[in-house]
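Good morning, colleagues. Please take a moment with the sequence and the structure on the screen; I shall then go through the fold, the sheet, the helices and one residue.

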Amino acid sequence: MIEFFVPGNPQGKGRPRVGRVGGHARMFTPQKTVAYESLISLAAQQAMEQGSIQPLQGPVLLQMTMLHAVPKSWSKKKREKALTGYIMPTVKCDADNCLKAVCDALNGVAWRDDTQVVDVFLTKRYAEDPQVRVKISPVDAEPAQGRS
């Protein structure tokens, strides 16, 4: 199992942009996305080195918890409701875009390719300490009952 966290508010993968290089249109990934994916990769590499863990082979379960900062402008009462889960974060970034950033950043680090992700459990909440928590576990594939 690989477990780590990425500090700061969760970020989604930015859409590719078109720019001109030498008079030719080229697609490029926004710098903010490149920096965030590098941070994710580094956090995973450090966790794997500490545990002497090699990249996972085969199917994996990806568990992600996106923890957003509570807005500073909120009242003490509203803040408490957010921190206890009564108010959920329906704020940017979108859960699917953050998942995409994490999956792409872990290619060649935690696994060969994100096609190995067969199960995902994703939670989005408020917290005092904004971050993205990631846990990756191998999935033991067993044949379904009654199939041959």
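The protein has three helices and six strands. Please bear in mind throughout that this is a predicted model. Read from the N terminus, the elements follow the order β-β-β-α-β-α-α-β-β.

A few overall values come next. The protein has 148 residues, and 33% of them count as buried. About 9,600 Å² of the protein is exposed, with carbon and sulfur atoms supplying 51% of that area. If one takes the contacts between residues at least 6 apart in sequence, 82% of them join residues at least 24 apart.

I turn now to the sheet. In what order do the strands of the open sheet lie? The order is β1-β6-β4-β5, four strands with mixed pairing. At the edges are β1, residues 2–7, and β5, residues 117–127, each of which pairs on one side only. From one strand to the next, the twist averages 15°. As a general reminder, strands of a sheet pair through backbone hydrogen bonds, either parallel or antiparallel. Strand β4, residues 60–69, runs parallel to β5, and ten bridges join the two. Within this pairing, Gln 63 stands opposite Phe 121 of β5.

Next, the helices. Helix α1 spans residues 31–50 and lies across β1 and β6, the latter being residues 131–138. The angle between α1 and β1 is about 140°. How does α1 meet helix α3, residues 95–105? Their axes come within 8 Å and cross at roughly 60°. An angle of roughly 60° falls outside the ranges for parallel, antiparallel and perpendicular, and α1 is therefore oblique to α3. The crossing of α1 past α3 is right-handed. On the α1 side, the residues involved are Tyr 36, Glu 37, Ile 40 and Ser 41; they meet Ala 101, Val 102, Asp 104 and Ala 105 of α3.

Finally, I should like to consider Lys 81, which is located in helix α2, residues 76–83. Is Lys 81 buried or partly exposed? Its relative accessibility is 39%, so Lys 81 counts as partly exposed, since that class lies between the limits of 20% and 50%. Once neighbours within four places in sequence are set aside, Lys 81 is in contact with Tyr 86 and Ile 87. Lys 81 and Tyr 126 are 45 residues apart in sequence, and their C-alpha atoms are 9.5 Å apart in space.

Thank you for your attention.

Terms used:
Residues numbered from 1 in each chain as written. Predicted model: local features only at pLDDT ≥ 70, side-chain atom pairs only at ≥ 80, totals over all residues. Heavy atoms only, no water. Buried < 20%, exposed > 50% of the residue type's maximum accessible area, 1.4 Å probe, protein only. Contact = heavy atoms within 4.5 Å. Areas by Shrake-Rupley, 256 points an atom, 1.4 Å probe, with all protein chains shown as cover. Pairing = 2+ DSSP bridges. Axes fitted to C-alpha atoms, helices over the stretch in contact; angles between N-to-C directions. Parallel < 35°, antiparallel > 145°, perpendicular 65-115°, else oblique. Left-handed = near helix turned anticlockwise from the far one by under 90°.
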